[in-house]
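Me: I would like a close look at one part of this chain, the small open sheet. Please set it in the context of the whole chain first, then go through its strands and their pairings.

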Amino acid sequence: MIEREFAETLKQVILELTGNEFGQPENYRLISKHVRTLMARRQLVSFESLLEAVDSDQDLFDEFISCITIHHTSWFRESKQFLALEKQARAHKGVFEVLCAACSTGEEAYSIGLTLERVRLEKPGFDYRILALDIDQKSLAKAATNHFDRSGLATIPLAHRRSLEIGSDSFSVNPAIRSRLKFQRYNLLAPLVIRSEYHAIFMRHLLIYLSPERQRKVLVQTIERLKPEARLYLGTSEARDYADLGIRNLSGSVFCRVEPEKRKKLLIVEDSLIIQKLLAAIFKEASFDLLFASSLAEADQTIAHEKIDALSLDIYLPDGLG
Ligand SMILES: C[S@@+](CC[C@H](N)C(=O)[O-])C[C@H]1O[C@@H](n2cnc3c(N)ncnc32)[C@H](O)[C@@H]1O
């Protein structure tokens, strides 16, 4: 298969399996290098034979998914968001539920854990649970080991060090945090079957790999899983105006829900059908929900049962003056 054909097929396969697009050219270079290394290791001579083998071998499938996704992550990445999370958690009572979507090898989920553990230790009655999802089984397996290279310590704020168990060449996060964290494989582009709602959802550096159409799809189903007072944390490069999806950027790519404004109700009291229609056309433009009455008695009845915000009242009505 020539390079252009290989690139095109790879692109289609990635799109189908993960919904991701290459984005930057270096992503293609990295992914194609990983795929070729996998083929060489498994002694598969062509990309077609790899795709065939992937179909019937779960381990190879997992390795392939790992090769075609980008897992770059770090501890306390975009650190200001963790200050916002801490503030949000300190204002919360009871169990704080977090979804960490596209968690990669776990550094993000454990950073959330370290932040919330500090609140738990200082605030009686506060507790938390974190569900961390990713499509890549290999990344999740690494995350679940809770075993990290010491180089990661450099970006963990000193305030959290007491919750770490540091060895000579690696470290782990203390068991109290680990026990509140669950890792699960999940394709976020599939219909979201998770039924819980969350106080905070982290979904950072995933949207950048998706087409605008897929971004919206993932966002719509993620927003549905936000509790009314919840926050959605996106990557700072992923902040856009998402007002039409019902969220608003508070600051630094931390979003909150905005409830759609309730439409106002207008009662039109008018005995002429023609004038009713005329007024209806005018007030519909002004986004009112309309109710009608042809007499004062009918108007009284409607007002007794409905909360009316505005009234358009004719003067000469069959049963009296308006
Ligand atoms: C660049 S990492 C971001 C990690 C972390 N959220 C962060 O900001 O540091 C992107 C992650 O998204 C995962 N991913 C890509 N497509 C996905 C999908 N359709 N469903 C779930 N996870 C996906 C990849 O496996 C990868 O681990």
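Reply: What follows starts with the whole chain, moves to the small sheet, and ends with another set of paired strands for reference.

This is a predicted model, in which local features need pLDDT of at least 70 and side-chain atom pairs count only at pLDDT 80 or more, while totals for chains, interfaces and linings use all residues. Residues are numbered from 1 along each chain as its sequence is written, and side-chain values use heavy atoms, with hydrogens and water left out.

The chain has 11 helices and 15 strands; these are DSSP runs numbered from the N terminus, helices being H or I of at least four residues and strands E of at least two. Its radius of gyration is 28 Å, well over the 20 Å that the globule rule gives for 322 residues, so the chain is more spread out than a compact globule. That radius is taken over C-alpha atoms, and the rule is 2.2 Å times the number of residues to the power 0.38. Along the principal axes, the C-alpha atoms fill a box of roughly 90 × 60 × 30 Å. Of the 322 residues, 47% count as buried (under 20% relative accessible area, with exposed meaning over 50% and partly exposed in between; 1.4 Å probe, protein chains only). Residues 24 or more positions apart make up 68% of the contacts with a separation of 6 or more, a contact being heavy atoms within 4.5 Å.

Now the sheet itself. It is open, has 3 strands in the order S3-S5-S4, and is paired antiparallel. Strand S3 (148–149) and strand S4 (164–166) are the edge strands, each pairing on one side only. Two strands count as paired if DSSP finds at least two bridges between them. Strands of a sheet pair through backbone hydrogen bonds, either parallel or antiparallel.

S5 (residues 170–173) pairs with S4 over 3 antiparallel bridges. Within this pairing, Leu164 has Val173 as its bridge partner, and Glu165 has Ser172. S4 and S5 form a hairpin, with 3 residues between them. S3 is joined to S5 by 2 bridges, again antiparallel, and here Asp149 stands opposite Ser170.

How are the two faces of S5 covered? In a regular strand the side chains alternate between the two faces of the sheet. In S5, Ser170 and Ser172 lie on one side and Phe171 and Val173 on the other, and all of these are buried.

For reference, strand S11 (residues 265–269) pairs in the other sense. It is parallel to strand S12 (residues 289–293) over 5 bridges, with Leu266 opposite Leu290. S11 also runs parallel to strand S13 (residues 310–313), joined by 4 bridges, and Val269 stands opposite Leu313. S11 is mostly covered, 4 of its 5 residues being buried.

Past the end of S12, Ser295 lies in the loop leading to helix H11 (296–305). Ser295 is buried, with a relative accessible area of 13%. Leaving aside neighbours within four places in sequence, Ser295 is in contact with Val269 and Asp319; Val269 is the residue that stands opposite Leu313 in S13.
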